[in-house]
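Hi,

Here's the structure I said I'd pass on. Have a look at it first, then read my notes underneath.

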Amino acid sequence: MLRLPTIRTQYPELAEAALRDQMTYRGFLAELLLSECDDRARRRSERRIKAAGFPHDKSLRQFDFEANPAIDPATINTLAKCEWVKKGLPLCLIGDSGTGKSHLLIALGTEAAMYEYRVKYVLATKLVNELVEAADEKMLAKTIARYGRVDLLCIDELGHMELDRRGAELLFQVLTEREEKNSVAIASNESFGKAHMFRRTCVRQRLNSTG
């Protein structure tokens, strides 16, 4: 079985269009195969976005740049091309509450998934709690390795909670595992006390509140 569901469903419509436009057999076959390839790419993107675990659907198209003129649209559009993910660079979105950090984090993560990168989104509190539980159950190495395998790890709301020493050290282990290999994107309302963990920071532009 060839498993060509798009060709099966779109064949009648494409056949009528080919007859109407007097397409050659080769042109008709090309249209069928292109429609199948395009639909497969769409389905792959949908699976990767779903696997990332984003809590909401957020896109760059929905982002209101006028509400926060401190955010440069050109910079964000450059980041949306995901060259920084390809190079394994980190991204830090730092600013006050309500400045769109989480929206941009999810939107850029979604763009990365559409570029066929493996993406995982997680709240900082959830990640730290998971790491603590894994350490208690002697599963820490396996958990860190799992978070290390994705191409882009999006950590949201870092700074909304005060980490104890153990939680901070465990989180630092995850970041160290990914350093200069795979990208991490972090949204935080505070600057980083351990800034040395980001040796080659791609962007650390403060997102200032307009209010």
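Of the contacts in the protein chain with a separation of 6 or more, 79% are between residues 24 or more positions apart. Keep in mind that this is a predicted model. The chain has 211 residues, and 41% of them are buried. You'll find eight helices and five strands, and along the sequence they come in the pattern α-α-α-α-β-α-β-α-α-β-α-β-β.

**Helix α5**

Start with α5, which runs over residues 101–114. How many of its 14 residues are buried? The count is 11, so this helix is mostly covered; buried means under 20% relative accessible area. Among the buried ones are K101, H103, L104, L105 and I106, and the list goes on to include G109, T110, A112 and A113. The length works out too: at 1.5 Å a residue, α5 should span 20 Å, and its end C-alpha atoms are indeed 20 Å apart. After the helix comes E116, which has a positive phi near 75°.

**Helix α6**

Next up is α6, residues 124–136. You can do the length check here as well: with 13 residues at 1.5 Å each, the expected span is 18 Å, and the end C-alpha atoms sit 18 Å apart, which agrees. Its buried residues are A124, L127, V128, E130, L131, A134 and A135. Where do the buried residues fall when you look down the axis of α6? They fall within an arc of 160°, so they line one face of the helix. Try turning the model until you look along the helix and you should be able to pick that face out. The cover over these buried residues includes β2 (119–123), α7 (140–149), β3 (152–158) and α8. Just after α6, K138 takes a positive phi, about 60°.

**How α6 meets α8**

Two packed helices are described by the angle between their axes and the distance between the axes. For α6 and α8 (residues 165–178), the axes come within 9 Å and cross at roughly 95°. An angle of 65 to 115 degrees counts as roughly perpendicular, and that is therefore how these two helices lie to each other. On the α6 side, the residues that meet α8 are L127, V128, L131, V132, A135 and D136; on the α8 side they are R166, G167, L170, L171 and V174. Sorted by class, this contact has eight nonpolar, one polar and two charged residues.

**Two residues to click on**

L170 is in α8. Buried or exposed? With 6% relative accessibility, L170 counts as buried. Leaving out neighbours within four places in sequence, L170 is in contact with L131, V132 and L140. It's also worth finding E130: the C-alpha atoms of L170 and E130 are 9.9 Å apart, with their positions 40 residues apart along the chain.

The other residue is S183, in strand β4 (residues 183–188). S183 has 0% relative accessibility, so it counts as buried. What does S183 touch? Not counting residues up to four places away in sequence, S183 touches W84, V85, G88, L89, D151, L152, L153 and R178.

Have fun exploring!

Technical notes:
Residues are numbered from 1 along each chain as its sequence is written. This is a predicted model: local features need pLDDT of at least 70, side-chain atom pairs count only at pLDDT 80 or more; totals for chains, interfaces and linings use all residues. Side-chain values use heavy atoms; hydrogens and water are left out. Axes are lines fitted to C-alpha atoms, for helices over the stretch in contact, and angles run from 0 to 180 degrees between N-to-C directions. Helices (H or I, at least four residues) and strands (E, at least two) are DSSP runs, numbered from the N terminus. Angles under 35 degrees count as roughly parallel, over 145 as roughly antiparallel, 65 to 115 as roughly perpendicular and the rest as oblique. Contact means heavy atoms within 4.5 Å. Ala, Val, Leu, Ile, Met, Phe, Trp, Tyr, Cys and Pro count as nonpolar, Asp, Glu, Lys and Arg as charged, and the others, Gly among them, as polar. Buried means under 20% relative accessible area, exposed over 50%, partly exposed in between (1.4 Å probe, protein chains only). The expected span of a helix is 1.5 Å times one less than its number of residues. The arc is that of the directions from the helix axis to the C-beta atoms.
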